[in-house]
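Subject: Structure handover, with notes on domains, pockets and cavities

Dear colleague,

I am passing on the structure we discussed, together with a summary of what came out of the analysis. Please look through the sequence and the coordinates below, and then read on.

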Amino acid sequence: MALLDDNFLLKNDMAVKLFNDYAKDMPIIDFHCHLNPEEIYENKNYPNITRIWINEDHYGDHYKWRLMRANGVPEELITGDGDEYEKFLAWAGTIEKAAGNPLYEWTHLELRRFFGINETFNTQTAPAIWEKANAELATDAFKPRNLIKNSNVKAVCTTDDPASDLKYHKLLKAEEKENGFRVLPAMRPDGLIQIFKPNYGEYLETLGKAAGVEINDFKSMMKAVHQRFEYFNEMGGRLSDHSLWTYHFIEAGEDEINAIMQKGIKNEPLTDDEQDKYLTALLEELMKYNKEFDWTMQFHVNSVRDLNRPMYDQLGADTGYDAVGTQPDIALHIQKLYTKMRNTEDIPKSIFYSLNPNDWMELATMMGCFLEGGVQRMQLGAGWWFNDTAEGMHEQLRVFAQESLLPNFVGMLTDSRSFLSYPRHEYFRRVLCNFYGELAEAGRVPDDEEYLGKIVQDISYNNAYNFFGFFNDATPEELFGK
């Protein structure tokens with residue numbers, strides 16, 4: 001079989017039919033990513049492929065950075081100020097050794113789908129690919145808005161701090177018909193959650209100014225957060241996202257929470273129990289707000305961040321020094337949180353992603369206990385980060401299918417900072433079609449193309465369209481045409 005041929009990841013005739021006739025051309029709703037709305041609005045061409053692939057203006061691709069370090073590339077050619085062509089060559093040399101890594105497949109998919117470059121990417125082909133890709137990047141088709149539109153994307157949800165003024169979302173909203181897609185904010189309250197960070201007090205001042213609320217205790221903080229929910233909701237926001245590196249459910253009274261907050265504001269040391277008490281109280285209120293506004297609350301759990309402290313001090317967060325978390329009972333403590341919130345009917349629509357796949361069965365079965373109130377209101381999220389592989393995707397599909405109703409799944413997201421990441425949806429759809437193709441081949445589901453085709457179309461697009469409500473005011477066809 002040739003590299004990335006038409007039947008890539010599709011192992012039988014049914015899988016091929018499902019992908020080509022049902023999944024392939026479905027639109028995309030990218031409901032969780034880290035694209036910068038300012039870049040979308042400014043809509044500038046990238047000067048070369050290194051700038052869109054390895055080091056963008058505001059951030060970079062830490063997936064690639066980790067591999068480059070594994071290949072002995074000096075930091076100057078990774079995150080440093082080294083020559084951009086030399087960085088590109090260093091990436092080519094890394095990809096030569098990346099066979100078996102999903103980045104090998106994604107890299108070649110991006111070259112083929114966006115640039116029409118079918119050659120194998122290596123140090124020998126890199127010079128010609130550099131020239132051809134850079135010529136394409138100078139055209140209108142490679143401006144950010146056209147990269148999104150031409151990928152058949154109908155909605156993009158960025159990741160935004162509650163204190164954000166959403167300036168660029170406002171500007172993009174006024175031009176969405178012309179753009180052919182929506183850019184919507186999704187709230188990510190890391191500044192609230194990370195009370196242990198030295199800038200916690202400064203962050204509360206920033207949040208208070210944005211909300212027009214003087215924050216001096218937990219009650220006033222949550223008043224400010226509620227105001228931001230109202231504002232994000234007006235701007236089309238329908239999701240929030242919460243990163244829980246670790247978590248233990250521990251309740252505490254209001255006075256104790258206020259005292260813990262004051263320690264955080266003063267940057268005084270906090271015990272693990274104090275952090276968990278504060279986080280428990282915060283999550284309870286955030287769950288209430290998500291339920292009130294009919295948002296979907298996403299949780300990304302069980303990661304370990306910034307393990308290499310000297311490099312974190314030098315480069316900052318999200319630079320390739322994170323790993324899979326090992327808190328074995330995190331799902332148990334999430335169960336306790338949801339059990340309490342069910343008593344007051346304050347459970348919102350929820351999606352759980354765990355970086356540790358050992359959590360998936362426990363989370364999936366926990367969610368099965370709280371499914372009342374709508375279609376699959378609790379979901380096991382797509383294989384995340386280190387599980388964002390063909391095998392990881394397949395395992396997530398297997399667990400979801402065997403413990404609940406996979407045909408209700410809202411599907412894939414890029415979780416990416418790059419405008420070239422949309423082939424990840426194709427990659428997922430191929431895995432999905434092969435999953436059902438293998439079940440049909442084994443006689444475990446009907447050998448019924450129309451029945452299975454409807455399922456893969458729903459998971460590819462329709463379920464996300466119905467679940468999140470991004471187009472409750474008008475359909476994409478009414479807004480953008482066909």
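The centres of domain 1 and domain 2, taken over C-alpha atoms, are separated by 29 Å. Please keep in mind throughout that this is a predicted model. The division behind that distance assigns residues 45-141 to domain 1 and residues 144-480 to domain 2. Where the two domains meet, the contact takes 23 residues from domain 1 and 26 residues from domain 2.

The pockets come next, beginning with the largest. The largest pocket has a volume of about 930 Å³, and its lining is made up of 34 residues, of which His 34, Arg 188, Asp 190, Asp 318 and Arg 417 lie nearest its centre. Sorted by class, this lining has 12 nonpolar, 10 polar and 12 charged residues. Several elements of secondary structure take part, since α4, β2 (153-160), α11 (190-193), α12 and β4 (239-244) each supply at least two of the lining residues. Where does the largest pocket lie with respect to domain 1 and domain 2? Both domains give residues to its lining, so the largest pocket lies between them.

The second largest pocket holds about 540 Å³ of space. It is lined by 25 residues, and those closest to its centre are Arg 113, Asn 150, Ser 151, Pro 423 and Glu 426. At least two lining residues come from each of α1 (13-23), α6 (102-115), α8 (144-150) and α20 (423-441), and α20 gives the largest share, with five residues. By class, the lining of the second largest pocket has 10 nonpolar, six polar and nine charged residues. Domain 1 and domain 2 are both represented in this lining as well, with at least three residues drawn from each.

Turning to enclosed space, a search of the whole structure finds six cavities of 30 Å³ or more. The largest cavity has a volume of about 110 Å³, and of the 13 residues that line it, the closest to its centre are Gly 60, Asp 61, Ser 416, Arg 417 and Ser 418. Arg 417 is thus named here among the residues closest to the centre of the largest cavity, and it is also listed among those nearest the centre of the largest pocket. The cavity lining divides into four nonpolar, four polar and five charged residues, while α3 (49-53) and α4 (62-70) each supply at least two residues of it. Helix α4 also supplies at least two residues to the lining of the largest pocket. Because domain 1 and domain 2 both give residues to the lining of the largest cavity, this cavity lies between them.

Finally, there is one helix pair to look at in the viewer. The axes of helix α12 (residues 200-211) and helix α14 (residues 254-265) come within 7 Å and cross at roughly 105°, which means that α12 is roughly perpendicular to α14. In this contact, Tyr 200, Gly 201 and Leu 204 of α12 meet Met 261, Gly 264 and Ile 265 of α14. By class, the contact has four nonpolar, two polar and no charged residues. Helix α12 is also one of the elements that supply at least two residues each to the lining of the largest pocket.

With best wishes

Key
Residues numbered from 1 in each chain as written. Predicted model: local features only at pLDDT ≥ 70, side-chain atom pairs only at ≥ 80, totals over all residues. Heavy atoms only, no water. 1 Å grid on protein atoms, 1.4 Å probe; cavity = no way out; pocket = protein on both sides within 12 Å on 5 of 7 lines; lining within 4 Å. Points joined across faces, edges and corners; volume = space filled by probe spheres on them. Nonpolar A, V, L, I, M, F, W, Y, C, P; charged D, E, K, R; others polar. Domains from an automatic or database assignment. Axes fitted to C-alpha atoms, helices over the stretch in contact; angles between N-to-C directions. Parallel < 35°, antiparallel > 145°, perpendicular 65-115°, else oblique. Contact = heavy atoms within 4.5 Å.
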